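This report introduces one protein model to a reader who has not met it before. Please keep the sequence and the structure in view while reading.

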Amino acid sequence: MKVISAEFVKSAVRPFDYPDDSVPEVAFVGRSNVGKSSLINTLVNRKKLAKTSNTPGRTQLINFFMINDNISFVDLPGYGYARVPSSVKKGWGKMVEDYLEGRKNLRLVVMILDIRRDPSEEDTQLIQWLRMNTIAMVFVLTKVDKYSRSRMNVSRRMIGEQLGVLSDELIPFSAKTRYGRDDLWRVIEDACSPVS
Ligand code: GDP
C-alpha cells in the first residue's frame with residue numbers, strides 16, 4: 001500500500017465528537033504498551049503520527065486519522081494497565097463499547113497481541129465481545145523480531161489455540177523490521193474495499 005497522506009483528524013471521547021463517517025474505518029486495539037502506536041506508524045510510514053510510549057494507562061482518548069483521504073484509522077485507548085483505578089477501567093469500557101457498537105463505517109478491528117505473551121483475560125473478553133457483536137476482526141502478533149522464526153511459529157500456534165483461531169488468521173508483525181506490513185495492509189484493503 002502506497003501511503004500518500006496520513007493526517008491526524010481529531011480526538012474524541014463521546015460519539016457526539018467523532019468526525020463524520022463517510023469513509024471506511026479500521027480500529028486498532030490492544031493492551032497498553034503492546035506496540036499499537038508503533039504498528040500504526042509502521043503502516044503509514046510515519047515516525048510519530050500515533051504517539052508512542054505514553055504513560056501506560058493514562059486516561060486516553062479515541063484518536064482519528066485519515067489515510068490517503070479514503071480510509072480512516074482509529075487508535076483506541078490501550079487497556080489492562082494494572083495500576084489504573086476501576087473507575088477509569090469502567091470509563092474505558094464505556095468509551096470503547098460506545099464506539100464499537102455505534103460506528104456505522106467500522107469495517108475491521110485490528111486486535112494487537114504481543115507474540116511473547118499469553119493473551120490476557122481482558123484480551124479474551126474483548127474478543128468474545130467483538131464476536132458476540134459480529135464485528136470483523138484480524139489478529140496481529142507483534143514484536144516478532146524478538147523471536148527466531150521457529151519460536152515465532154510455536155507461539156503463533158499456541159496463541160491461536162488459546163484464542164480458538166487458526167494460526168493462519170494471526171498475522172506476525174514487527175514495527176522494527178516492518179515484517180508483516182504488506183500482509184496486514186492486504187487485509188485492511190480487503191475490508192475497506194467497496195461492498196459489492
Ligand atoms: P502502545 O502503548 O501499544 O502504543 O505501544 P508503543 O507503540 O508505544 O510501544 C511500546 C514499546 O514497545 C516501545 O518501547 C516500542 O519501541 C516497543 N515496540 C513496539 N513495537 C515493537 C516491535 O515490533 N519490536 C520491538 N522490538 N519493539 C517494539
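What follows describes salt bridges, a cavity and one residue of a predicted model.

**Salt bridges**

Side chains of opposite charge can pair when their charged atoms come close. In this model the count comes to seven salt bridges, among them the three in the table.

| Pair | Closest N to O |
|---|---|
| Asp75 and Lys36 | 2.5 Å |
| Asp182 and Arg181 | 3.8 Å |
| Arg186 and Asp183 | 2.6 Å |

Asp75 belongs to strand 4 (residues 71-75) and Lys36 to helix 1 (residues 36-44), so their pairing ties together parts that are 39 residues apart in sequence. Asp75 is buried, at 7% relative accessibility, and Lys36 is also buried, at 10%.

Arg186 and Asp183, by contrast, both lie in helix 5 (residues 181-192), where three residues, about one turn of the helix, separate them. Arg186 counts as exposed at 51% relative accessibility, while Asp183 is partly exposed at 37%. In the pair of Asp182 and Arg181, Asp182 is partly exposed, with a relative accessible area of 46%, whereas Arg181 is buried at 6%.

**The cavity**

A search of the whole structure finds one cavity of 30 Å³ or more, and the largest cavity has a volume of about 50 Å³. Its lining comprises four nonpolar, one polar and five charged residues, including Arg31, Val34, Pro119 and Asp123. Strand 5 (residues 106-114) gives the most to this lining, with three residues.

**Ser5**

Ser5 sits in the segment before strand 1 (6-12) and is buried, with a relative accessible area of 15%. Beyond its neighbours within four places in sequence, Ser5 is in contact with Arg46, Met66, Ile67, Asn68 and Asp69.

How values were computed: Residues numbered from 1 in each chain as written. Predicted model: local features only at pLDDT ≥ 70, side-chain atom pairs only at ≥ 80, totals over all residues. Heavy atoms only, no water. Helix = DSSP H or I, 4+ residues; strand = E, 2+ residues; numbered from the N terminus. Buried < 20%, exposed > 50% of the residue type's maximum accessible area, 1.4 Å probe, protein only. Contact = heavy atoms within 4.5 Å. 1 Å grid on protein atoms, 1.4 Å probe; cavity = no way out; pocket = protein on both sides within 12 Å on 5 of 7 lines; lining within 4 Å. Points joined across faces, edges and corners; volume = space filled by probe spheres on them. Nonpolar A, V, L, I, M, F, W, Y, C, P; charged D, E, K, R; others polar. Salt bridge = Lys/Arg side-chain N within 4 Å of Asp/Glu carboxyl O.
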